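Have a look at the fold below, and turn it around a few times before reading on. The report that follows walks through it from the whole chain to single residues.

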Amino acid sequence: MNDTDTPGHAPGADPVTEAFFALHHDLPRQGPGSDATTRRLLEMAGPLPECPRVLDAGCGPGRSTLLLAEEAGAHVTAVDVHQPFLDGLAAEAARRGLGDQVTVVNCSMDRLPVPDHSFDVIWAEGSVYTIGFDVALRAWRRLLAPGGVLVVTEIEWTVPHPAAPARAYWDAAYPLRTHAANTDVARAAGYRLRAYWPLPESDWWDEYYTPLTQRLARADPQRPGMPEALAAHRTEIGMRREHGSDYDYAAYILRPHDTKENGTMTTWTARPETADDIPAVRDILLAAFPTALEADIVDALRADPKAWIDGLSMVAAAPDGTPAGYALLTRCHVDGRPALALAPCAVLPSAQRTGAGSAAVRAALAAARAAGENLVVVLGHADYYPRFGFTPASRFGIRAPFDVPDEAMMAMALDDTRPVPAGTIQYPAAFGV
């Protein structure tokens, strides 16, 4: 794992954190991996544009950053939250003559202040579990340019019934899933799996655990925070020795689902509606539904200042600017606490199955997340909305104010670290329920 990604390790200045950094300082790697694996994943990612724009998320000291810049000719934005890593990377890039190709940024990897479609490649070796596989895939999808690729390694179970000590250790540190479950998560987040490759066992030891073990033997146990850091590392390494066959790191090469119309690629631009879009939005709703009910609901919601939230009414427009898809989030409540209702969502019949609806929904959810919202509920098809991260609302203890099949009433937390209220949904008056 990257130094800033070690189980139980969060960036900061406390003695244990500083001891973690001291143990990892100048190690060949901050987690399982190798240059051979980086090259293998680069090859598996497929043909890339000339001078690809790459985001190295959770770059650590930048081993992958430098290789991608040198061997793929990439312009790499290297992101981490530990400034000494970034300072060292910038200095090494300059020493190698790569200063113009490497930009270092100190920020959280899921809150990058960059426009949509900024990168041809997003690269995350051994870093994703600082924010979680699910959160990362959702946060990064907007950043990929059309035809872009995500290369991410995730730690996962390799057996259906892991040994009890391994299960207990990882349940406390970072709950693992199987390859099948992670593939389902990727699909639900809007990706297709291009390639999959478990890392070899040598990647755990040659440049990570073996040098780290030697560092542990030389560490000063009297340093503040060091006893705790030593114990955590020795437990982790011992777990790998005893139960390493139960779990592994694996690489996922992911691409967003293609959107095609008449056999050609359609690029949808999702954006908040403007006043000029209102007639077109109504036309979409009238075309998508058998009656004017949904169109009238949206008009009523626009007139309700307690329900309407500027910036959360999204259209997906074709390259010529014509709106074809629509998604709306408005204020609702669960047990009296604020949430968002996703409804209605609609697509012109001529644009169905082209990704217009998905583009509008994803843009609405991204805008809500950026605005600090968390809980979103939706009543809809159970074979459609899970791709965005929705699951049955009953799992959160949330219920509709009317009878509805359990699988059709869904909810999603935009921030997995925040609590979600349980109770009955109270919809805006425009919905008439």
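Of the 433 residues of the protein, 52% count as buried, where buried means under 20% relative accessible area, exposed means over 50%, and partly exposed lies in between (1.4 Å probe, protein chains only). Please keep in mind that this is a predicted model, in which local features need pLDDT of at least 70 and side-chain atom pairs count only at pLDDT 80 or more, while totals for chains, interfaces and linings use all residues. Residues are numbered from 1 along each chain as its sequence is written, and side-chain values use heavy atoms, with hydrogens and water left out.

**The whole chain**

The protein has twelve helices and 18 strands; helices (H or I, at least four residues) and strands (E, at least two) are DSSP runs, numbered from the N terminus. The C-alpha trace spans about 75 × 50 × 40 Å along its principal axes. A compact globule of 433 residues would have a radius of gyration near 22 Å, and the 23 Å of the protein agrees with that; the radius is taken over C-alpha atoms, and the globule rule is 2.2 Å times the number of residues to the power 0.38. Among contacts (heavy atoms within 4.5 Å) between residues at least 6 apart in sequence, 73% join residues at least 24 apart.

**An enclosed strand and its neighbour**

Strand E7 (247-256) is a good place to start. Ten of its ten residues are buried, so E7 is largely enclosed by the rest of the structure. Tyr247, Tyr249, Ala251, Ile253 and Arg255 point one way from E7, whereas Asp248, Ala250, Tyr252, Leu254 and Pro256 point the other way. Two strands pair if DSSP finds at least two bridges between them. E7 pairs in the antiparallel sense with strand E5 (residues 144-157) over eight bridges, and Thr153 has Ala251 as its bridge partner in E7. The pairing of E7 with strand E6 (residues 191-198) is also antiparallel, over seven bridges, and here Leu193 has Leu254 as its bridge partner.

In the loop between helix H9 (226-243) and E7 sits Asp246. What is the nearest side chain of opposite charge to this buried residue, Asp246? It is Arg167, 8.6 Å away, and Asp246 has no salt bridge. For charge, Lys and Arg count as positive and Asp and Glu as negative; His and the chain ends are not counted. Leaving aside neighbours within four places in sequence, the contacts of Asp246 include Glu156, Trp157 and Ala166.

**Salt bridges**

A salt bridge is a side-chain nitrogen of Lys or Arg within 4 Å of a carboxyl oxygen of Asp or Glu, and a search of the whole structure finds 22 of them. Three are listed here.

| Pair | Closest N to O distance |
|---|---|
| Arg63 and Glu207 | 3.1 Å |
| Arg96 and Glu70 | 3.1 Å |
| Arg142 and Asp116 | 2.7 Å |

Arg63 forms its salt bridge with Glu207. Arg63 lies in helix H3 (residues 63-71) and Glu207 in helix H8 (residues 202-218), so the pair ties together parts that are 144 residues apart in sequence. Arg142 and Asp116 also meet in a salt bridge. This pair links the loop between helix H5 (133-141) and E5, which holds Arg142, to the loop between E3 and E4, which holds Asp116, 26 residues apart. Arg142 is partly exposed at 27% relative accessible area, and Asp116 is partly exposed at 42%.

Val114 is found in the loop between strand E3 (102-106) and strand E4 (119-124). Not counting residues up to four places away in sequence, Val114 touches Phe119, Arg142 and Leu143. Val114 and Leu143 are 29 residues apart in sequence and 7.8 Å apart in space, C-alpha to C-alpha.

**Helix H11 and backbone details**

In helix H11 (residues 293-302), Ala295, Ile297, Val298, Leu301 and Arg302 are buried. They cover an arc of only 160 degrees around the axis (from the directions to the C-beta atoms), which puts them on the same side of H11. Their packing partners are helix H10 (278-288), strand E12 (323-334) and strand E13 (337-347). Arg302 also belongs to a network of salt bridges with Glu273, Arg282, Asp296 and Asp299.

Most residues other than glycine have a negative phi, and most peptide bonds are trans. Phi of Asp335 is near 55 degrees, a positive value, and Asp335 lies in the loop between E12 and E13. The peptide bond from Ala343 to Pro344 is cis, with omega near -10 degrees, and Pro344 has its place in strand E13.
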